[in-house]
Amino acid sequence: MVLSISPVLLSYDAMNRKKIAAANWKMNLSQDEGDQLIQDIIAGIPGNLACEVVIAPPAIYLTQMIKQLEGTDLQPAAQNCHPEVSGAFTGEISAAMFSRIGVKYCLVGHSERRQLFDESNQFIREKVDAILENQMIPVFCCGESLALRQRNEQNDFVRLQLEESLFHLEEEQIRKVVVAYEPIWAIGTGVTASPEQAQEMHAFIRLMLTGRYGQTTSDTIRILYGGSIKSDNASILFSQPDVDGGLVGGASLNASSFLSIIEAANT
Ligand code: PGA
């Protein structure tokens, strides 16, 4: 007997994934500018919030930001962490430390960390484990360079990133992970992946997750797009069936542009 999967069921699963609008401030804004930005976002957030809103400021602002976010629907995130709990790692901050002050999400494997700080898939795997052990949600970033895409090797590259840093996880662990596909050629360049390019890679990532963990689990995992998301392209990107929101750099530094990206995720 041939089992057919009803399209109604598939779209129901897609709708069940709560979208995420995540801000990555990177190494930007003064403390005062950050405070003001958060106040403006809180003031403008839609009353009927149906998506998750996550903010990753520079680590030094987190303690104060967590107080500001109390009683709101915004969630604090770290941009990076060290997998060891404590020790002689000058300048580093452990996943355990972030968790203890109330951080809920942690970016891991961002391409800037991979490229500028030589982070390997193995090291990123250790961070993923530490983030989960400390009851935070990893936002696992992956994505290929322009040279790899020009050689049509993007799928093999992203497959290896997933296999080497995520696929050791148990099923109940992978369900907590958020994946962010961020093609390096689109980050901070103003060149956004087309909705078709994003959907194609997101569908491939979901297929990989299905192969490893089965359809039911794979259908629950949020896959965000990142790379030059702006208020005017967020809606079309987020309306792709396998795009569950976005990780936003430059456009998250301005309240009105990030608020319209939240609107786009709030459908
Ligand atoms: P961008 O950055 O939106 O400025 O391209 C995205 C990111 O690096 O997460």
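A residue is taken as buried when its relative accessible area is under 20%. Asp244 of this predicted model meets that condition, because its relative accessible area is 2%. The residue is found in the loop between H12 and E8. Its C-alpha atom and that of His82 are separated by 27 Å, with the two positions 162 residues apart along the chain.

Asp244 also takes part in a salt bridge, its side chain meeting that of Arg206 at 2.9 Å, N to O. Distant parts of the chain are linked by this pair: Arg206 belongs to helix H10, whereas Asp244 belongs to the loop between helix H12 (234-238) and strand E8 (245-248), and the two are 38 residues apart. Arg206 is buried, as is Asp244. The pair is not isolated, since salt bridges with shared partners join Arg17, Arg206, Asp242 and Asp244 into one network.

In total, twelve salt bridges are present in the structure. In general, side chains of opposite charge can pair when their charged atoms come close. One of the twelve is formed by Glu52 and Arg222, with 3.2 Å between the closest N and O atoms. This pair likewise connects distant parts of the chain, Glu52 being in strand E2 (residues 52-56) and Arg222 in the loop between helix H11 (215-218) and strand E7 (223-226), 170 residues apart. Both Glu52 and Arg222 are buried. A further salt bridge is formed between Arg149 and Glu144, where the closest N and O atoms are 2.7 Å apart. Arg149 counts as buried because its relative accessibility is 15%. Glu144 counts as buried at 0% relative accessibility.

Strand E2, which contains Glu52, also contains Ile55. At 0% relative accessibility, Ile55 counts as buried. The C-alpha atoms of Ile55 and Pro76 are 5.2 Å apart in space, although the two residues are 21 positions apart in sequence.

Two aromatic pairs are found in the structure. In one of them, Phe167 and Tyr213 are arranged edge-to-face, with 5.8 Å from centre to centre and 85 degrees between the planes. Phe167 lies in the loop between helix H8 (154-165) and helix H9 (171-174), and Tyr213 in helix H10 (residues 195-213), so the pair ties together parts that are 46 residues apart in sequence. Phe167 is buried, with a relative accessible area of 12%, and Tyr213 is buried as well, with a value of 8%. The ring of Tyr213 has a charged neighbour too: the charged end of Arg212 sits over this ring, 4.4 Å from its centre.

A second arrangement of a charge over a ring involves Arg113, which lies over the face of Phe117 at 4.1 Å from the ring centre. Arg113 and Phe117 also belong to the lining of the largest pocket, where they are listed with Lys26, Gln79 and Asn80 as the residues nearest the pocket centre. Rolling a probe the size of a water molecule over the atoms shows where empty space is left. The largest pocket holds about 480 Å³ of space, and 20 residues line this pocket. By residue class, the lining comprises eleven nonpolar, five polar and four charged residues. Helix H5 (residues 111-116) gives the most to the lining, contributing three residues.

Backbone geometry was also examined. Most residues other than glycine have a negative phi, and most peptide bonds are trans. Gln135 has a positive phi of about 55 degrees and is not a glycine. This residue lies in the loop between helix H6 (121-133) and strand E5 (137-142). Gln135 is exposed, because its relative accessible area of 67% is over the 50% cut-off. Ser228, also not a glycine, has a positive phi of about 55 degrees and lies in the loop between E7 and H12. Ser228 is buried, with a relative accessible area of 9%.

Technical notes. Residues numbered from 1 in each chain as written. Predicted model: local features only at pLDDT ≥ 70, side-chain atom pairs only at ≥ 80, totals over all residues. Heavy atoms only, no water. 1 Å grid on protein atoms, 1.4 Å probe; cavity = no way out; pocket = protein on both sides within 12 Å on 5 of 7 lines; lining within 4 Å. Points joined across faces, edges and corners; volume = space filled by probe spheres on them. Helix = DSSP H or I, 4+ residues; strand = E, 2+ residues; numbered from the N terminus. Nonpolar A, V, L, I, M, F, W, Y, C, P; charged D, E, K, R; others polar. Phe/Tyr/Trp six-rings, centres within 6.5 Å; stacked < 30°, edge-to-face > 60°. Buried < 20%, exposed > 50% of the residue type's maximum accessible area, 1.4 Å probe, protein only. Lys NZ or Arg CZ within 6 Å of the ring centre and 35° of its normal. Salt bridge = Lys/Arg side-chain N within 4 Å of Asp/Glu carboxyl O.
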